[in-house]
Structures are given as structure tokens and as C-alpha cells.
Amino acid sequence: MENEDNVIDELLREISGLIGEYPKAIEQRAAAIQATGKDPELVEKLVKAADTMRDSGNLYLTWARHYAALTKGNTDASSDEDETEDFDV
């Protein structure tokens, strides 16, 4: 069972990293487009998309951590952690 816990923890770390990087990549692309002076509407949409993805990523990770805790037998898997820090919110 400990090996299964390690797999779940490792996957959670990987998911967390990817979810954290995704909005940053969108913001970088928006900045690159803005630097060219082209399509300010697209830049605005991408900035909003990054915010949306950051928020939905927070929600996803909250549930993922909850279920990971349940797999370890923690029936009181609610968390007082502030996941918003994961995404610089």
C-alpha cells in the first residue's frame, strides 16, 4: 500500500506542477503577442483564460488532494491549506 501511496503522491506533484505552469505559458504567449502589437483582443482573452485556468486548477488540485488523502485512509480529508498559493493567486 505504501508503494501505491507513493505513486499517488508523485502523480499529484506532477499534476500540480503542470497545472501551475499552464497559465504561465498562456500569459507568456499573451505577452509575446502583445509585444508584436497585434490583436489586443486576443491578448485580453488569453490573460482572462490564464486566470480561469489558474482558478480551475486550484479547484482540481483541492479535489485531487482530498482524494489522495482518502486513499491513505484519512476519512477526515478536509484541508485547511490555502491552495491559492500554489498558483500565485
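Which residue follows H2, and what is the sign of its phi? In this predicted model, H2 is followed by glycine 73, and the phi of this glycine is positive, near 85°. The helix that precedes glycine 73 is described below, after an account of the chain as a whole.

The chain contains 2 helices and 0 strands. Of its 89 residues, 24% are buried. The area exposed by the chain is about 6,500 Å², of which 54% is supplied by carbon and sulfur atoms. When contacts between residues at least 6 apart in sequence are considered, 68% of them join residues at least 24 apart.

Helix H2 comprises 32 residues, spanning residues 40–71. From its first C-alpha to its last, H2 reaches 46 Å, which is close to the 46 Å expected at 1.5 Å a residue. The buried residues of H2 are Val43, Ala50, Arg54, Gly57, Asn58, Leu61, Ala64, Ala68 and Ala69. The list thus includes an arginine, Arg54, and an asparagine, Asn58, together with alanines such as Ala50 and Ala64.

Arginine 54, located in helix H2, was examined individually. Its relative accessible area is 11%; because buried residues are those under 20%, arginine 54 is assigned to the buried class. The side chain of arginine 54 also makes a polar contact, at 3.2 Å, with the side chain of aspartate 51.

Other positions of H2 contribute to the surface. Leu59, Trp63, Tyr67 and Leu70 make a nonpolar surface patch of about 430 Å². Within this group, tryptophan 63 has its place in helix H2. The relative accessibility of tryptophan 63 is 46%; since the partly exposed class lies between the 20% and 50% cut-offs, tryptophan 63 counts as partly exposed.

Leucine 42 likewise lies in helix H2. With a relative accessible area of 31%, leucine 42 is partly exposed. Leucine 42 was further considered in relation to alanine 30: the two residues are separated by 12 residues in sequence, and their C-alpha atoms are 7.6 Å apart in space.

In summary, H2 carries buried residues, among them Arg54 and Leu61, as well as the partly exposed residue tryptophan 63, and H2 is followed by glycine 73 with its positive phi.

Conventions
Residues are numbered from 1 along each chain as its sequence is written. This is a predicted model: local features need pLDDT of at least 70, side-chain atom pairs count only at pLDDT 80 or more; totals for chains, interfaces and linings use all residues. Side-chain values use heavy atoms; hydrogens and water are left out. Helices (H or I, at least four residues) and strands (E, at least two) are DSSP runs, numbered from the N terminus. The expected span of a helix is 1.5 Å times one less than its number of residues. Buried means under 20% relative accessible area, exposed over 50%, partly exposed in between (1.4 Å probe, protein chains only). A polar contact is a pair of N or O atoms within 3.5 Å; within protein, one must be able to donate a hydrogen and the other to accept it, and residues adjacent in sequence count only if both atoms are side-chain atoms. Patches are made of residues with over 30% relative accessible area and no salt bridge: like charges are joined within 9 Å, nonpolar side chains (Val, Leu, Ile, Met, Phe, Trp, Tyr) within 5 Å. Accessible areas come from the Shrake-Rupley method with a 1.4 Å probe; for residues, only the protein chains shown count as cover. A salt bridge is a side-chain nitrogen of Lys or Arg within 4 Å of a carboxyl oxygen of Asp or Glu. Contact means heavy atoms within 4.5 Å.
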